[in-house]
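Please open the model in your viewer and keep the selection panel at hand. The stops below are meant to be taken in order, each with something to select and something to look for.

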Amino acid sequence: MTEGEKVEKLFRRRESVVLAGCLKLMKLYPLDFFVWRNNTGGARKGADRWVTFSVSGAPDIIGVTKTGAFIGVETKRPGGRMRESQRDFHARAIHMNCIMFVATSAEELHRKLLDAKLIRA
């Protein structure tokens, strides 16, 4: 690996960093959103039981707006893509009039929230 590649890797934004930034941003607006981290996946409980968290494709951040609308934010590292299950969830939620975003940074999410008139500058 070249020195340039090492520097690029060092500054590459991981999805966990994007998620943390987006969640902090949304929590700056407690009168506009009630949001939380949506843990997904599963875990073994005991020797023979598997417990699943959330549903396949659900976004990383979920919550409600002050008008009662469901809001979901799928976070991705820059250049990251949604899986098929995430695209399906996103499309179904939009069909049900939910508010859905995909964000690769807190700055991008902030712009999208402003554009959607969900927050004020």
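Select lysine 112, which is partly exposed at a relative accessible area of 26%, in what is a predicted model. Add glutamate 108 to the selection: the two side chains form a salt bridge in which the closest N and O atoms are 3.2 Å apart. Both residues belong to helix H4, where they lie four residues apart, about one turn of the helix. Glutamate 108, with a relative accessibility of 16%, counts as buried, because the cut-off for that class is under 20%.

This pair is one of four salt bridges in the structure. For another, select aspartate 32 and lysine 66, whose closest N and O atoms are 3.2 Å apart. Here the salt bridge links distant parts of the chain, with aspartate 32 in the loop between H2 and S1 and lysine 66 in the loop between strand S4 (61–65) and S5, 34 residues apart. Colour the two by accessibility, and aspartate 32 comes out as buried at 16% relative accessible area, whereas lysine 66 comes out as exposed at 61%.

Next select glutamate 74 and lysine 76, which meet through their side chains in a salt bridge with an N to O distance of 3.7 Å; both of these residues are buried. Keep them displayed and add glutamine 86, which is found in helix H3 (residues 84–95) and is itself buried, at a relative accessible area of 5%. Once residues up to four places away in sequence are set aside, glutamine 86 touches Glu74 and Lys76, the two residues already on display, together with Gly57 and Arg81.

Now turn to the nonpolar side chains. Which residues have the most contacts inside the largest nonpolar core? They are Met26, Phe33, Ile61, Ile71, Leu109 and Leu113, in a core of 18 residues. The elements that give two or more residues to this core are helix H2 (15–27), strands S1 (33–37), S5 (70–75) and S6 (99–103), and helix H4 (106–115), with H2 providing the largest share, six residues.

Centre the view on isoleucine 61 and show its surroundings. Leaving out neighbours within four places in sequence, isoleucine 61 is in contact with Leu19, Cys22, Leu23 and Met26, with Val35 and Trp36, and with Ile71, Gly72, Val73 and Thr75.

One of those contacts, Cys22, leads to the next selection: cysteine 22 together with cysteine 98. Cysteine 22 is buried, with a relative accessible area of 0%, while cysteine 98 counts as partly exposed at 22%. How many disulfides are there? The count is zero. The nearest cysteine sulfur to that of cysteine 22 belongs to cysteine 98 and lies 19 Å away; because a disulfide requires the two sulfur atoms to be within 2.5 Å, cysteine 22 is in no disulfide, and cysteine 98 is in none either.

For the last stop, select tryptophan 50 in strand S3 (residues 49–53). Is tryptophan 50 buried or exposed? With a relative accessibility of 53%, tryptophan 50 counts as exposed. Apart from residues up to four places away in sequence, tryptophan 50 touches Gly42, Ala43 and Arg44. Finally, draw a distance from the C-alpha atom of tryptophan 50 to that of isoleucine 94, which is 44 residues away along the chain, and the separation is 30 Å.

Key:
Residues numbered from 1 in each chain as written. Predicted model: local features only at pLDDT ≥ 70, side-chain atom pairs only at ≥ 80, totals over all residues. Heavy atoms only, no water. Core = buried A, V, L, I, M, F, W, Y, C linked by side-chain atoms within 4.5 Å. Buried < 20%, exposed > 50% of the residue type's maximum accessible area, 1.4 Å probe, protein only. Contact = heavy atoms within 4.5 Å.
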